[in-house]
Amino acid sequence: MPEHVEVRLPDDVCLHVEATGPADAEVTVVLLHGWTLDGRAWHRQLADLRERFDGAVRVVTYDARGHGRSSCMALPTATLAQLGDDLAAVLDEVAPDGRVVLAGHSMGGMTIMEYAHRHPEHFAARAAGLVFVSTTAEGHTHTAYGLSPRIARLIRLAETTGAGVLARCGSWRPPRALLRALRPSIRWMLFGDRCDPHDIRLVTSAVARASLRSIGGFRASIGAQHRLDTLARLAHLPAAALVGDRDRLTPPPCAESIAAVLPATELTVCPGAGHMLMMERPAEVNAALGGVLRQVLADARSAAPTTTRKG
């Protein structure tokens with residue numbers, strides 16, 4: 001059973017954190033979810049990591065501020081910069097020692113970049129591997145929703161205007177009846193050619209638990225972030241990037257630009273898949289995460305001091 005931890009941040013926001021595996025494991029894997037989702041998005045990766053690396057790794061997931069079972073926050077802190085600070089605080093609290101592999105989906109990947117940008121020494125001391133799933137380092141530069149540029153601009157205008165309204169709605173949650181009505185739109189936006197009914201129910205459930213302030217408040221920061229320069233300084237780390245070729249939010253050029261500044265990155269483009277790769281293509285995500293993790297474990301073991309006996 002997972003260990004449940006509540007991490008209280010300096011601004012009194014409480015983050016819901018779950019951890020499995022030994023506290024003294026060789027490596028800790030931290031899985032960061034996307035915008036409007038929660039830690040449950042990684043459930044297939046959690047099961048795979050437990051099966052393949054049982055005892056060798058500790059796995060941590062947590063709900064970002066304003067999401068899932070974490071508490072809401074003041075509107076000025078609904079930023080990627082704050083999420084980068086939150087990640088540093090979570091590491092200090094639940095994984096204060098040892099090497100860390102960071103895997104982020106969408107906003108979670110952007111959180112990793114912000115952590116590296118804002119806390120470079122902390123990051124350098126802890127991060128040993130990176131996995132970027134359906135994310136971007138260029139804000140909404142490549143986001144066209146799979147539509148013509150003119151229609152995409154209109155949708156973005158409507159989206160950003162609506163986000164400003166939602167951001168002022170505080171800790172209220174979206175009405176479940178409304179989300180049920182919007183399920184076809186959610187399915188179109190987030191999934192590719194195929195969608196398991198369980199997955200769309202899980203995603204809708206996660207959105208229902210996100211505060212309206214977080215749904216609206218993070219939009220501006222997500223659209224404006226540009227961190228390719230930060231990523232370029234991380235080229236020494238083992239890394240992987242994955243994207244679906246039907247992703248309407250972070251299409252393939254987003255992953256390609258990440259791979260371009262991280263030349264050793266293994267880039268995987270999943271045909272027919274959309275934005276929710278952990279659910280749509282779990283085998284590919286599991287393989288990429290496992291590949292980075294095995295390399296980090298091998299590096300850790302080769303660097304471990306050995307003792308020799310004198311005859």
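The lining of the largest pocket holds 23 nonpolar, 14 polar and two charged residues. That pocket is a good place to enter this structure, which is a predicted model. The space inside the largest pocket comes to about 1,100 Å³. Its lining is built from 39 residues. Nearest the centre of the pocket lie W35, T36, E159, M189 and I215.

Helices supply part of this lining. Five of them give at least two residues each: helix 3 (107–118), helix 5 (149–167), helix 6 (176–190), helix 8 (212–217) and helix 9 (219–224). Which helix gives the most? Helix 6 does, with seven residues.

Now turn from the pocket to enclosed space. Rolling a probe the size of a water molecule over the atoms shows where empty space is left. How many cavities of 30 Å³ or more does a search of the whole structure find? The search finds one. About 70 Å³ of space lies in this largest cavity. Its lining consists of L32, H33, Y62, A64, R65, L83, D86, G108 and T111. By class, four of these are nonpolar, three are polar and two are charged. Helix 2 and helix 3 each bring at least two residues to the cavity lining. Helix 3 also supplies at least two residues to the lining of the largest pocket.

Helix 2 deserves a look of its own. It runs over residues 80–94. What span should its 15 residues have? At 1.5 Å a residue, the expected span is 21 Å. The end C-alpha atoms are 21 Å apart, so the model agrees with the expectation. Buried residues in helix 2 are L80, Q82, L83, G84, D86, L87, A88, V90, L91 and V94. Two of the names return from the cavity: L83 and D86 are part of its lining.

Before helix 2 comes a loop that starts after strand 4 (57–62), and S71 sits in it. Is S71 buried or partly exposed? Its relative accessibility is 27%, so S71 counts as partly exposed; the buried class ends under 20%. Leaving aside neighbours within four places in sequence, S71 touches D12, V13, C14, R65 and G66. V13 is 58 residues away from S71 along the chain, yet their C-alpha atoms are separated by 5.7 Å. R65, another contact of S71, also lines the largest cavity.

A259 offers a second case. This residue belongs to helix 11, residues 252–261. A259 has 15% relative accessibility and therefore counts as buried. Beyond its neighbours within four places in sequence, A259 is in contact with T265 and L267. How far is A259 from G170? The two are 89 residues apart along the chain, and 37 Å separates their C-alpha atoms.

Further along the chain is helix 13, residues 282–303. Its 22 residues reach 31 Å from the first C-alpha to the last. That is close to the 32 Å expected at 1.5 Å a residue. Which residues of helix 13 are buried? They are V285, N286, A288, L289, G290, V292, L293, V296, L297 and A300.

One matter remains: confidence. The chain averages a pLDDT of 91, and 94% of the residues score at least 70. Residues 307–311 have a pLDDT below 50. Beyond near neighbours in sequence, this stretch has zero contacts in the model.

How values were computed:
Residues are numbered from 1 along each chain as its sequence is written. This is a predicted model: local features need pLDDT of at least 70, side-chain atom pairs count only at pLDDT 80 or more; totals for chains, interfaces and linings use all residues. Side-chain values use heavy atoms; hydrogens and water are left out. Helices (H or I, at least four residues) and strands (E, at least two) are DSSP runs, numbered from the N terminus. The expected span of a helix is 1.5 Å times one less than its number of residues. Buried means under 20% relative accessible area, exposed over 50%, partly exposed in between (1.4 Å probe, protein chains only). On a 1 Å grid over the protein atoms alone, a cavity is a set of points where a 1.4 Å probe fits but cannot get out, and a pocket is an open set with protein on both sides within 12 Å along at least five of seven lines; lining residues have an atom within 4 Å of a point. Grid points are joined across faces, edges and corners, and a volume is the space filled by probe spheres set on the points. Ala, Val, Leu, Ile, Met, Phe, Trp, Tyr, Cys and Pro count as nonpolar, Asp, Glu, Lys and Arg as charged, and the others, Gly among them, as polar. pLDDT is the predictor's confidence in each residue, from 0 to 100. Contact means heavy atoms within 4.5 Å.
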